[in-house]
Amino acid sequence: MSPRPKPRDTLARIVPYTPGRSIADVKAALGLEAVIKLASNENPFGSPISHDELIECLESIALYPDLSGAPLIGALAAELSVAPHQIIVGNGSDEILTMIGLAYLNPGDRVLTASGTFSEYGFVANLMDASVDAIPYSDFTFDLGRMAEQITETTKLIFIANPNNPTGTIVSTRSLTEFMQRVPATTLVVIDEAYAEFVDSPHYPRPITWLSDYPNLIVTRTFSKVYGLAGFRIGYAVSTAEVIATLYKVRQPFNVNSVALAAASLALTKPEFIHHTIQNNQTQKTRLTDAITEMGFSVIPSHANFICVHIGVHAKQCVDELMARGIIIRHLASFGMPEHVRITIGTPDQITTLITALTLLVEGKLI
Ligand SMILES: *Cc1c(COP(=O)(O)O)cnc(C)c1O
């Protein structure tokens, strides 16, 4: 074979991300008319932005976006009681996770996280030629006690998803505080709060309020989940002014587009939509959990907008059979949980359709 340009060595450790199948793809492949997607934790009610509002958001598309001065930053700062220069926006919170790696990881640094959690953390480490220490869960939850024991002098970055994807579990205020007390001041701790808005627990920590005690904390949030804007790609991080200034150094000049900025600002003015989404999530999560438990499967108690279910050896078959009936859910083999599936909480009608289909699979002894 003739010589070829050789990619960076570390790319040998990276497998491109494979998203779940889209509605259009499943419709075309299986010749189905109605397909529902309960696989990627998006908002089942769509977005809070009306068609007319969206047209208004398009007004500024001829100009480069104003990122640091965007009204969105001011609105978020006011809502979170932080200063505007403690916030940075990204092209999805995924981009912010990459920026954190670009800004802080030298080759050979270590990144600490849980094994089988959100794949972006391992991706960022590998991209920067850092190594990953992935600690098994305890009871499907980040094991902060064991993680603290694994911190070494070269541990530069720690990623914690709270709630965790794909298990839906949370770490408590007490365990996160105890953990932070054991983390060296030179190690950065990223708390990924993609599902924070859904949590209804008095034990859920609010680390955005801890920044004066722990200036090595970064909290990331997103408009992709409860705010219904996953397709626009917009998320943000909150930290100290110093950390945010460092992230600004590695940011692409215009990393978030002007339409997404305008839409996210508008979404913040729609508390009824957010409230309705959260209420529905609680009701349908309880209903689906009860129904699935009654079928004999175990469900991990979830604080997010999805549930993680132990199906057993037929988990893949369960996903395929549901797909054939127009319902897309996620098999968790790539998360190291081949006997589990993850199901996003949908609208009442979607959950009815799912429960009906699952019941038929169980009665037909297909799963
Ligand atoms: C969905 C999700 C995100 C959000 O990613 P965006 O890039 O903002 O769409 C981040 N972290 C976790 C754990 C998620 O599940």
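**Exercise 1.** Determine which ligand atom is approached by a backbone N or O atom of Ser 93, and then place the ligand's other polar partners.

*Solution.* A backbone N or O atom of Ser 93 lies 2.6 Å from an oxygen atom of the ligand, which is a polar contact in the sense of a pair of N or O atoms within 3.5 Å. Turning to side chains, a polar atom of Asp 192 lies 2.6 Å from a nitrogen atom of the ligand, while an N or O atom in the side chain of Tyr 195 is 2.6 Å from a ligand oxygen. Taken alone the ligand exposes 390 Å², of which the protein buries 93% (Shrake-Rupley method, 1.4 Å probe).

The model is predicted, with local features needing pLDDT of at least 70 and side-chain atom pairs pLDDT 80 or more, whereas totals for chains, interfaces and linings use all residues. Residues are numbered from 1 along each chain as its sequence is written, and side-chain values use heavy atoms, without hydrogens and water.

**Exercise 2.** State how many residues surround the ligand, and sort them by class.

*Solution.* The ligand is surrounded by 13 residues, each with a heavy atom within 4 Å; among the closest are Thr 222, Ser 224 and Lys 225. By class, this shell holds 4 nonpolar, 5 polar and 4 charged residues, with Tyr counted as nonpolar and Gly as polar.

Terms used. A polar contact is a pair of N or O atoms within 3.5 Å; within protein, one must be able to donate a hydrogen and the other to accept it, and residues adjacent in sequence count only if both atoms are side-chain atoms.
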